[in-house]
Amino acid sequence: MSGFGRTGKWFGVDHHGVVPDIMCFAKGLTCGYIPLGGMIIKEELIDKFNDKPLPLGLTYSAHAVACAAAIEVLQIYEDENLISNAATMGKYMESKIEKMKEKHPSIGDYRTTGLLGCIELVKNRKTKEPMAPWNATADEMAVMNKVNAKLLQEGLFTFVRWNFIFTAPPLCITMEQMDEALDIISKAIAIADEHTV
């Protein structure tokens, strides 16, 4: 989820100067059009297997259609400047949600990197009591279920879990589309505002 431009850089680790020994990846490689996953391994680790067998592989390893899709998707990321757009629109989304915090007392926090974020809804900003607790029961989800229902009613499909509204719009999102989506989120959050103390 933090790879292939979602965070405004090729991979989430690129924001922190981390060089992993092994990195697994999947969905973003083909944009989910066809299943494909892979692993990037440091040269010095993989070199150990130059003269030793590494018994691994699957029937569909290096599937030609999946690999062709990956090559084309990687080219589109570059040709359409999607990673740069994700960085720009991520900053825009962050600034807009910061302003929404002034309007909505139920927004306890907003965390994001590029276009991968999460709005946390709370009953009380000082205590940070969540609008729905971790592993909430059906009864404890009543308010958040109404928030989610409003999002769906307004035509915005995103992931709502416990007291979180996840923000992960497409990398090609425009400013106008972002404004429309955030307006819908604001309408839905107004429901949670009624339950703050």
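I took helices and strands as DSSP runs, numbered from the N terminus, with at least four residues for a helix and at least two for a strand. With that settled, I read the order of elements from the N terminus on as β-β-α-α-α-β-β-β-α-β-β-α, which amounts to 5 helices and 7 strands. I noted beside this entry that the model is a predicted one.

**Overall form**

I looked up the extent of the C-alpha trace and found that it spans about 65 × 35 × 30 Å along its principal axes. Of the 197 residues, 36% count as buried, and the protein exposes about 12000 Å², of which carbon and sulfur atoms supply 58%. I then turned to contacts with a separation of 6 or more, and recorded that residues 24 or more positions apart account for 59% of them. For the charges, I wrote down 20 positive and 25 negative ones, whose mean positions are 7 Å apart.

**Surface patches**

I asked which residues form the negative surface patch, and found Glu72, Glu78, Asp79 and Glu80. Glu72 belongs to helix H2, which covers residues 64–79, and I entered Glu72 as partly exposed because its relative accessibility is 48%, between the limits of 20% and 50%.

I also looked for a nonpolar patch, and noted one of about 350 Å² made by Ile46, Phe49, Leu54 and Leu56. Leu56 sits in the loop between helix H1 (43–46) and H2, and I listed Leu56 as exposed because its relative accessible area is 63%.

**Salt bridges**

Side chains of opposite charge can pair when their charged atoms come close. My search of the whole structure gave 9 salt bridges, and I followed several of them residue by residue.

Arg111 pairs with Glu120, with 3.1 Å between the closest N and O atoms. I checked whether each partner is buried or exposed: Arg111 is partly exposed at 38% relative accessibility, whereas Glu120, with a relative accessible area of 14%, is buried.

Glu129 and Lys123 form another salt bridge, in which the closest N and O atoms are 3.6 Å apart. Here I recorded Glu129 as partly exposed with a relative accessible area of 40%, and Lys123 as partly exposed with 29%.

In helix H5 I found Lys187 and Asp183 joined by a salt bridge at 3.6 Å, N to O. Because these two residues are 4 residues apart in helix H5, Lys187 and Asp183 are separated by about one helical turn. My accessibility entries read 38% for Lys187, which makes Lys187 partly exposed, and 40% for Asp183, which is likewise partly exposed. I added that salt bridges with shared partners join Lys150, Glu154, Asp183 and Lys187 into one network.

**Ala168**

Last, I asked where Ala168 is found, and placed Ala168 in the loop between strand S7 (164–167) and helix H5 (175–193). Ala168 counts as partly exposed because its relative accessible area is 37%. Which residues does Ala168 touch, not counting residues up to four places away in sequence? I found Arg6, Leu115 and Leu116 on that list. I also noted that Ala168 and Thr158, which are 10 residues apart along the chain, have C-alpha atoms separated by 7.7 Å.

Notes. Residues are numbered from 1 along each chain as its sequence is written. This is a predicted model: local features need pLDDT of at least 70, side-chain atom pairs count only at pLDDT 80 or more; totals for chains, interfaces and linings use all residues. Side-chain values use heavy atoms; hydrogens and water are left out. Patches are made of residues with over 30% relative accessible area and no salt bridge: like charges are joined within 9 Å, nonpolar side chains (Val, Leu, Ile, Met, Phe, Trp, Tyr) within 5 Å. Accessible areas come from the Shrake-Rupley method with a 1.4 Å probe; for residues, only the protein chains shown count as cover. A salt bridge is a side-chain nitrogen of Lys or Arg within 4 Å of a carboxyl oxygen of Asp or Glu. Lys and Arg count as positive and Asp and Glu as negative; His and the chain ends are not counted. The place of a charge is taken as NZ of Lys, CZ of Arg, CG of Asp or CD of Glu. Buried means under 20% relative accessible area, exposed over 50%, partly exposed in between (1.4 Å probe, protein chains only). Contact means heavy atoms within 4.5 Å.
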